[in-house]
Amino acid sequence: MIALNGFARRLSATGTASLAVLLVFFCALAYWQVFRTDLAGDDRNPRVLSAFHDPGRGSILDRDGNILAETLGDGTRQYYDASTAHLVGYLDPRFGSQGVELAFHSVLSGAVPSGWAGAFRAEFDRSRPKGSDVVLTIAPDVQAAAAIALGARSGAVVALDPRNGEVLAMVSVPTYDPGALAIHGDGLFADATSPLLNRATQGLYPLVPLLRR
């Protein structure tokens, strides 16, 4: 009976210690997963840095299927149309992201799981999900015409379809090469002409009302 009582005490102590360890584990998990949400976007987070060189990131296309931005096999983000630079935006580990790259980051990176099954895979399957493509309403012929019409003059051109509000063209000048941001980024940010400013959405222009007779 004495030996049995000793075994029961040891078993009870082991169970209590195990419960204490599990409690500490779940408290730590809750702290890092729930309360320290700031770490998800911290520049030192390896997951944040790897998102800028993700071979599985989706492409950005115009309405005719022409590729405006895509990720090459080595993780380099490639951009093809300088006239859409401000609309498409950029993706850089140092300077962050802008434009469609920023607005649709969760879609392009595949970071949004759908349903409980997607959430379960995102938590336990550490392989990076493949992103989806984003198709814009930009019409290549209208975009090209707007770029030619504006030329090298500083300003912006936006063309909308009045039937549904679709953006058929968006051009801002001066423009830049999103793919060269890592090389020329400091100079672009310091440039007095503000080539990174999207004058179509961020420029301040006087509103001239149309007067009807």
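## Salt bridges and a pocket in a predicted model

Arg57, Arg77 and Glu101 are linked in a network of salt bridges, a salt bridge being a side-chain nitrogen of Lys or Arg within 4 Å of a carboxyl oxygen of Asp or Glu. This is a predicted model, in which local features need pLDDT of at least 70 and side-chain atom pairs count only at pLDDT 80 or more, while totals for chains, interfaces and linings use all residues. Residues are numbered from 1 along each chain as its sequence is written, and side-chain values use heavy atoms, with hydrogens and water left out.

The chain holds eight helices and eight strands, where helices (H or I, at least four residues) and strands (E, at least two) are DSSP runs numbered from the N terminus. Of its 213 residues, 31% are buried; buried means under 20% relative accessible area, exposed over 50%, and partly exposed in between, with a 1.4 Å probe and protein chains only.

A search of the whole structure finds five salt bridges, among them the three below.

| Pair | Closest N to O distance |
|---|---|
| Glu101 and Arg57 | 3.0 Å |
| Glu101 and Arg77 | 2.8 Å |
| Arg63 and Glu166 | 3.2 Å |

The Glu101 and Arg57 pair links distant parts of the chain, with Glu101 in helix α4 (residues 99-103) and Arg57 in the loop between α2 (46-50) and β1 (60-61), 44 residues apart. Glu101 is buried, at 0% relative accessible area, and Arg57 also counts as buried, at 4%. In the Glu101 and Arg77 pair, Arg77 lies in strand β3 (residues 77-79), 24 residues from Glu101, and Arg77 is buried at 7% relative accessibility.

The salt bridge between Arg63 and Glu166 joins two loops: Arg63 lies between β1 and β2 (67-71) and Glu166 between β7 (155-160) and β8 (167-173), so the pair ties together parts that are 103 residues apart in sequence. Arg63 is partly exposed, with a relative accessible area of 39%, and Glu166 is likewise partly exposed, at 25%.

Among contacts (heavy atoms within 4.5 Å) between residues at least 6 apart in sequence, 53% join residues at least 24 apart.
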